[in-house]
Amino acid sequence: MIVAIDHLVILVQNLDAAIADYTTLGFTVVPGGEHADGATHNALVAFADGSYLELIAFRREAPGHRWWRHAGSEGLVDYALLPDAIEQDIAAARARGVEYAGPTPGGRLRPDGQRIAWQIGEPPTPDLPFLCADVTPRELRVPGDEARKHANGVTGIAEVTVAVRDAQASAQRYAALLGIEPVVLDERTVSFGLGTARITLAAPAPDAPADAALVTRLNARGEGPMAMALRAGTGTAGAVLSQEHTHGVQIDLVAG
């Protein structure tokens, strides 16, 4: 079964600049290394709940890459869920009508020379997340110990908001992937609980000024994750982080 949100993917133009900016925001950032295809390199912000943020930048042109279509911009472009048995979870999703591809291999060379490997399940539509399952031990991929302690008090992911065009249609696909039923908040907002976090699907209402951010996200990038809420202590809960420093990502800190 799919057990949790694994990580959120934040595309940046300059990885060193992003590391500096997220450090300024009070996050502990760990260099991740170069991916196996040589197209990208990354840095990680790991949390106590086991999830993390991935800051990723292209090192060369890569027209066939999953995120190359976003290469001229920055921001939250994708996210991954963590399966406990990826082949069975893909098969179960297919049986329920959602044709995930894979699993296909992926990997990264860490700065210390350690090679790590994982498997990916790729979704059929952009509103859905990809799956990421460890082949090498997870502790090699996701930093632990002191790397999970942050000056801003953040301990994990509370919510990811996904911009979709049709909340009911997307909810059907998510229900087929996860094997669980959603909480329907209204005809344009649907939520799924997963582990300690929540996935909220949000579709804009026609001619609703309050939904301007949703419409902007859909027009600029199509469907996909558009915002996140992170759990934090009482000293920082309620803050909205500067998008200049988050490289275009809406990040709210909520009581943890």
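Visitor: How many bridges join strand E3 to E4?
Guide: In this predicted model, local features need pLDDT of at least 70 and side-chain atom pairs count only at pLDDT 80 or more, while totals for chains, interfaces and linings use all residues. Strands are DSSP runs of E with at least two residues, helices are runs of H or I with at least four, and both are numbered from the N terminus. Two strands pair if DSSP finds at least two bridges between them. Strand E3 (residues 40-46) runs antiparallel to E4, and the bridges that join them number seven.

Visitor: Which residue in E4 stands opposite valine 45?
Guide: Residues are numbered from 1 along each chain as its sequence is written, and side-chain values use heavy atoms, with hydrogens and water left out. Across from valine 45, in E4, stands leucine 53.

Visitor: In what order do the eight strands of the barrel follow each other, and by how many degrees are neighbours turned on average?
Guide: The eight strands close into a barrel with mixed pairing, in the order E1-E4-E3-E2-E6-E7-E8-E5. Axes are lines fitted to C-alpha atoms, for helices over the stretch in contact, and angles run from 0 to 180 degrees between N-to-C directions. With direction ignored, the average turn between neighbouring strands of this sheet is 35°.

Visitor: Which strands are the edges of the open sheet?
Guide: Six strands form this sheet, in the order E10-E11-E12-E9-E13-E14, and their pairing is mixed. Each edge strand pairs on one side only. The two edges are E10 (183-186) and E14 (250-255).

Visitor: By how many degrees are neighbouring strands of the open sheet turned against each other on average?
Guide: The sheet is the open one made of six strands. Direction is ignored in this average, and the value is 25°.

Visitor: Which strand does valine 184 face across the pairing?
Guide: E10 and strand E11 (residues 189-194) pair in the antiparallel sense over three bridges. Valine 184 stands opposite valine 190, which is in E11.

Visitor: What angle does helix H4 make with E11?
Guide: Contact means heavy atoms within 4.5 Å. Helix H4 (residues 167-178) packs on the open sheet and touches E9 (156-163), E10, E11 and E12 (197-202). H4 also lies across E1 (2-11), E5 and E8 (130-134), running at about 35° to E5. Its direction makes an angle with that of E11 of about 15°.

Visitor: Which residue takes a positive phi in the hairpin of E11 and E12?
Guide: E11 and E12 run antiparallel and are joined by six bridges. One of the bridge partners is alanine 197 in E12, paired with leucine 194. The hairpin has two residues between the strands, and the residue with a positive phi near 60° is glycine 195.

Visitor: Is threonine 200 buried or exposed?
Guide: Threonine 200 is in strand E12, where five of the six residues are buried. Buried means under 20% relative accessible area, exposed means over 50%, and partly exposed is in between (1.4 Å probe, protein chains only). Threonine 200 has a relative accessible area of 7%, so it is buried.

Visitor: Which side chain forms a polar contact with that of threonine 200?
Guide: E9 and E12 pair in the parallel sense over five bridges, and threonine 200 is the bridge partner of threonine 161. Not counting residues up to four places away in sequence, threonine 200 touches several residues, including Val160, Val162 and Ser191. A polar contact is a pair of N or O atoms within 3.5 Å; within protein, one must be able to donate a hydrogen and the other to accept it, and residues adjacent in sequence count only if both atoms are side-chain atoms. At 2.4 Å, the side chain joined to that of threonine 200 is the one of glutamate 159.

Visitor: Why is the pair of tyrosine 22 and phenylalanine 27 called tilted?
Guide: Rings of Phe, Tyr and Trp (its six-membered ring) pair if their centres lie within 6.5 Å; planes under 30 degrees apart count as stacked, over 60 as edge-to-face and the rest as tilted. By this rule there are five aromatic pairs. The rings of tyrosine 22 and phenylalanine 27 have centres 5.8 Å apart, and the pair is tilted because their planes are at 40°.

Visitor: How many residues apart in sequence are the parts tied together by phenylalanine 58 and tryptophan 68?
Guide: These two form an edge-to-face pair, with 5.0 Å centre to centre and 90° between the planes. Phenylalanine 58 lies in E4 (residues 52-58) and tryptophan 68 in the loop between E4 and E5 (75-83), so the separation of the parts, in residues, is 10.
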